[in-house]
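Okay, thanks everyone for coming. I'd like to walk you through a structure that may be new to you, so have a look first and then I'll talk.

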Amino acid sequence: MKKLGKVLGIGALLLGCSGVMNAQNVSDEGGKKDGFFKRAFRDMKESAKLQRQIDKANYQATKLETKAFYEEQKRLSKPSARTAAMKEEQLKELEAANQRVEEAKAKVEAAKGK
C-alpha cells in the first residue's frame, strides 16, 4: 500500500493534481480502476480542450487590441485631434520647464543666503 501511495505521489508531480484525481476514479466495469492509457488519453483530451479555449481567448484579445489600436490611430489622424494632442503635450512640457526654473531659482537664493 505504501508503494501505491508513492507511485500516486510521483504521478501527482509528473502529471499534476488532475492525474492523481483521475487515478482514483473507478470505472463502471465491476469496480476496476481505469488503465494507464485510458487515464492518459482522458488527460490529453481535457488538456487539448483547455488549450483550445486558451487559444481562442488569446486570438480574441489580439483581435480586439488590434481593432482598438486602429480606431485610436484613426481618431488621431484627424487634424483637430492631432493639434489638440500636440498642444496638450506642449503645455505639459512648458509646465515642467517652469517648475525646473523655479527650483533653480530657489537653489540660487539658498546658495546666496549662506
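I'll go from the overall picture to a few side chains.

One thing to say up front: this is a predicted model. So let's start with confidence. The average pLDDT for the protein is 82, and 71% of the residues score at least 70. That confidence isn't spread evenly over the elements. Which one has the lowest mean pLDDT, and which the highest? The lowest is helix H2, residues 17-23, with a mean of 48, while H3 comes out highest at 95. Keep that in mind when your eye lands on H2.

Now the fold itself. We have 4 helices and 0 strands, and if you read from the N terminus, the order is simply α-α-α-α. Helix H3 covers residues 36-76, and helix H4 covers residues 79-113.

How much of the protein is buried? Out of 114 residues, buried ones make up 8%. The accessible surface adds up to about 10,500 Å², and carbon and sulfur atoms account for 61% of that.

Let's zoom in on one bit of that surface. There's a nonpolar patch made of Phe36, Phe37, Phe41 and Met44. Together these four have about 510 Å² of accessible area. Met44, for its part, sits in helix H3.

Staying with the patch, look at the aromatic rings. The structure holds 1 aromatic pair, and its partners are Phe36 and Phe37, arranged edge-to-face. Their centres are 5.4 Å apart, with 75° between the planes. Why call that edge-to-face? Because the angle of 75° is over the 60 degrees that this label asks for. And are these two residues buried or exposed? Phe36 and Phe37 are both exposed.

Next up, charges. The count here is 2 salt bridges, so let me take them in turn.

The first one I'll show joins Arg42 to Asp34, with the closest N and O atoms 2.3 Å apart. Asp34 is found in the loop between H2 and H3. The contact between the two side chains, at 2.3 Å, also counts as a polar contact. What about burial? Asp34 has a relative accessible area of 10%, so it counts as buried. Arg42 is at 23%, so that residue is classed as partly exposed. The cut-off for buried is under 20%, which means Arg42, with its 23%, falls on the other side of it.

The other salt bridge is between Glu88 and Lys92, at 3.8 Å from N to O. Where are they? Both lie in helix H4, and they're 4 residues apart, about one turn of the helix. Glu88 has 48% relative accessibility, so we call it partly exposed. Lys92 is at 51%, so it counts as exposed. The line for exposed is drawn at over 50%, and that's why Glu88 and Lys92 end up with separate labels.

To recap: a predicted model with 4 helices, a nonpolar patch that includes Phe36 and Phe37, and 2 salt bridges. That's it from me, so over to you.

Definitions and conventions. Residues numbered from 1 in each chain as written. Predicted model: local features only at pLDDT ≥ 70, side-chain atom pairs only at ≥ 80, totals over all residues. Heavy atoms only, no water. Helix = DSSP H or I, 4+ residues; strand = E, 2+ residues; numbered from the N terminus. Buried < 20%, exposed > 50% of the residue type's maximum accessible area, 1.4 Å probe, protein only. Areas by Shrake-Rupley, 256 points an atom, 1.4 Å probe, with all protein chains shown as cover. Patch = residues over 30% accessible without salt bridge, like charges linked within 9 Å, V, L, I, M, F, W, Y side chains within 5 Å. Salt bridge = Lys/Arg side-chain N within 4 Å of Asp/Glu carboxyl O. pLDDT = per-residue confidence, 0-100. Phe/Tyr/Trp six-rings, centres within 6.5 Å; stacked < 30°, edge-to-face > 60°. Polar contact = N/O pair within 3.5 Å; in protein donor to acceptor, adjacent residues only side chain to side chain.
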